[in-house]
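I opened the notebook to record what I looked up in this model, chain by chain and then across the contact between the chains.

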Amino acid sequence: MIRWALLLLGGCLLGGVVHIATIIMLPRTATRDAYARLEPITPVNTVTPLPPPTSDAAAMPYMDPAFASAICRYDLSQGPMKLSVPVRTAYTSVSFYTNRDVAYYAINDRAAGRRVIELDLMTIEQHNQMPEEEDVTAADRLIVESPSLTGLIAIRAMAPEPGLMPQAQSAVAAAQCRRSDDVKGSR
Amino acid sequence: MRLLLGTLFVLAVGAVIGLSGTYFALKRGAAFGALTIGAWTAWPKTGTVDADPYARASIARIGLLPTAVGDGITFAAESDDKGKPLDGRCDVVVAGITPSARFWTITLYNREGELAANSVGRHGFTSQEIVRGADGSFSIVAAPRAQPGNWLPTGGIERYTLVLRLYDTAVGVSTRAGREVPMPSVTTRGCP
């Protein structure tokens, strides 16, 4: 009797370990998370507008139908990125996610305080390697540090009324995200 | 033989308890730091790098991108103020005011997070579209058939979730449930 009680206790302890292990492992093995859903439809390092969610189809569950959205799936292994988003409608926001869908930064049009939201995205190492003087002249530049090499930038513009949706869609479609080197080279 | 039987028993108990615990935790959304006000629940920490393992697992399983804290906050209601699950065949009234925010939207989803199909193609309201009373409060009726005022069609689905998103708001990680965050009431008015 005592033997079975001890075995049951052992089983419960093992159950706890299994529970914690599966919870921690799940985000790494998930095949239907937002990043995995968006990866096939979004080319890397460019802005891809997402189709508005309908009752038949949506890129992700729980998308807000009042927003026009676009995704920039980034890969910083080749160098930092530059992002610019025009502010045209009532409310525009830019949210940054790691490749495990963890939101690490977000900014909206009012916090950015301009007609265009402009940001530099780089890893912590790339930020540390930046030349000192460039950091000073770029004092008004907003630098975002990504904790991961790859991830997602969600660009979203609100249409307070359905009639303003085309305007919101054109605003997110006009957003640009590209490697900083390419921007310099084109000048 | 006894050793083998014992080992198998321990492994079986471990697998059943561990996996069912994970299943129910994800199904119920058992992340830490829930902010519950009336029928509404939000997990502000889910939109930050401090998201706990339960929140991360839940996000990965559902497949959504959480609302980041610098953007806004997402409240969801699956049942009314009395705990009755939201039923698309009933008239449900969402009335009152919201915490201060630059904009808010309210959206009706089925339990899978898809927009509920309906004949008029309306899935929610924004704070600008809503018709308000003289005192600034509003009243939305989620019902299967057309209603005067702010009608949110349910399409007659059995179970649905209402999601209230506040954008550019002070409500966040440090918010405690209380009088400073007024949320609209959710009342089931009548079922056929």
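Entry 1, chain B. I looked up the secondary structure of chain B and found two helices and 10 strands, and reading along the sequence I noted the pattern α-β-β-α-β-β-β-β-β-β-β-β. I keep in mind throughout that this is a predicted model. The C-alpha trace of chain B spans about 80 × 40 × 25 Å along its principal axes. Of its 192 residues, 42% count as buried. I also checked how contacts are spread along the sequence: among those in chain B between residues at least 6 apart, 68% join residues at least 24 apart.

Entry 2, chain A. For chain A I recorded seven helices and nine strands. Its C-alpha trace spans about 80 × 50 × 30 Å along the principal axes, and I compared its radius of gyration, 21 Å, with the value near 16 Å that a compact globule of 187 residues would have. Buried residues make up 40% of the 187 residues in chain A. Among the contacts in chain A between residues at least 6 apart in sequence, those joining residues at least 24 apart come to 70%.

Entry 3, the contact between the chains. I looked up how many residues take part, and found 52 residues of chain B in contact with 50 residues of chain A. On the chain B side, at least two residues each come from helix 1 (2-28), helix 2, strand 5 (101-110), strand 6 (124-126) and strand 9 (160-169). Which element of chain B gives the most to the side that touches chain A? I found that helix 1 of chain B does, with 12 residues. By class, the residues on this side of chain B divide into 27 nonpolar, 16 polar and nine charged.

Entry 4, helix 1 against helix 1. Before going on to the helix pairs I reminded myself that two packed helices are described by the angle between their axes and the distance between the axes. For helix 1 of chain A and helix 1 of chain B, I noted that the axes come within 7 Å and cross at roughly 40°. The two helices are therefore oblique to each other, and their crossing is right-handed. From helix 1 of chain A the contact draws on residues including A:Leu7, A:Gly10, A:Gly11, A:Leu14, A:Gly15 and A:Val18, and from helix 1 of chain B on residues including B:Phe9, B:Val10, B:Val13, B:Gly14, B:Ile17 and B:Gly18. The full set of residues in this contact divides into 14 nonpolar, 10 polar and no charged.

Entry 5, helix 1 of chain A against helix 2 of chain B. I next took helix 1 (residues 2-29) of chain A with helix 2 (residues 53-62) of chain B, whose axes come within 8 Å and cross at roughly 40°. This pair is therefore oblique as well, but here helix 1 of chain A passes helix 2 of chain B in a left-handed crossing. A:Ile23, A:Ile24, A:Leu26 and A:Pro27 meet B:Pro53, B:Tyr54, B:Arg56, B:Ala57, B:Ala60 and B:Arg61. I counted the classes in this contact as eight nonpolar, no polar and two charged. A:Ile23 is also listed among the residues that helix 1 of chain A brings to helix 1 of chain B.

Entry 6, backbone angles. I went through phi with the general expectation that most residues other than glycine have a negative value. A:Asp101, which is not a glycine, has a positive phi of about 65°, and I located A:Asp101 in the loop between strand 4 (92-98) and strand 5 (103-108) of chain A. Is A:Asp101 buried or exposed? It is buried, because 26 other C-beta atoms lie within 10 Å, and 20 or more is the cut-off. In chain B, B:Asp168 likewise has a positive phi, of about 55°, and is not a glycine. B:Asp168 lies in strand 9 of chain B and counts as partly exposed, with 18 C-beta neighbours inside 10 Å.

Entry 7, a loop residue. Lastly I looked at B:Val120, which lies in the loop between strand 5 and strand 6 of chain B. B:Val120 is exposed, with 9 other C-beta atoms within 10 Å. I also noted that the C-alpha atoms of B:Val120 and B:Leu86, which are 34 residues apart along the chain, are separated by 21 Å.

Note on methods: Residues are numbered from 1 along each chain as its sequence is written. Chains are lettered from A and ligands numbered from 1 in the order in which they are written. This is a predicted model: local features need pLDDT of at least 70, side-chain atom pairs count only at pLDDT 80 or more; totals for chains, interfaces and linings use all residues. Axes are lines fitted to C-alpha atoms, for helices over the stretch in contact, and angles run from 0 to 180 degrees between N-to-C directions. Angles under 35 degrees count as roughly parallel, over 145 as roughly antiparallel, 65 to 115 as roughly perpendicular and the rest as oblique. A crossing is left-handed if the near helix is turned anticlockwise from the far one by less than a right angle, and right-handed if clockwise. Two residues are in contact if their C-beta atoms, placed from the backbone, lie within 7 Å. Ala, Val, Leu, Ile, Met, Phe, Trp, Tyr, Cys and Pro count as nonpolar, Asp, Glu, Lys and Arg as charged, and the others, Gly among them, as polar. The radius of gyration is taken over C-alpha atoms; the globule rule is 2.2 Å times the number of residues to the power 0.38. A residue is buried if 20 or more other C-beta atoms lie within 10 Å of its own, exposed if 12 or fewer, and partly exposed in between; C-beta atoms are placed from the backbone.
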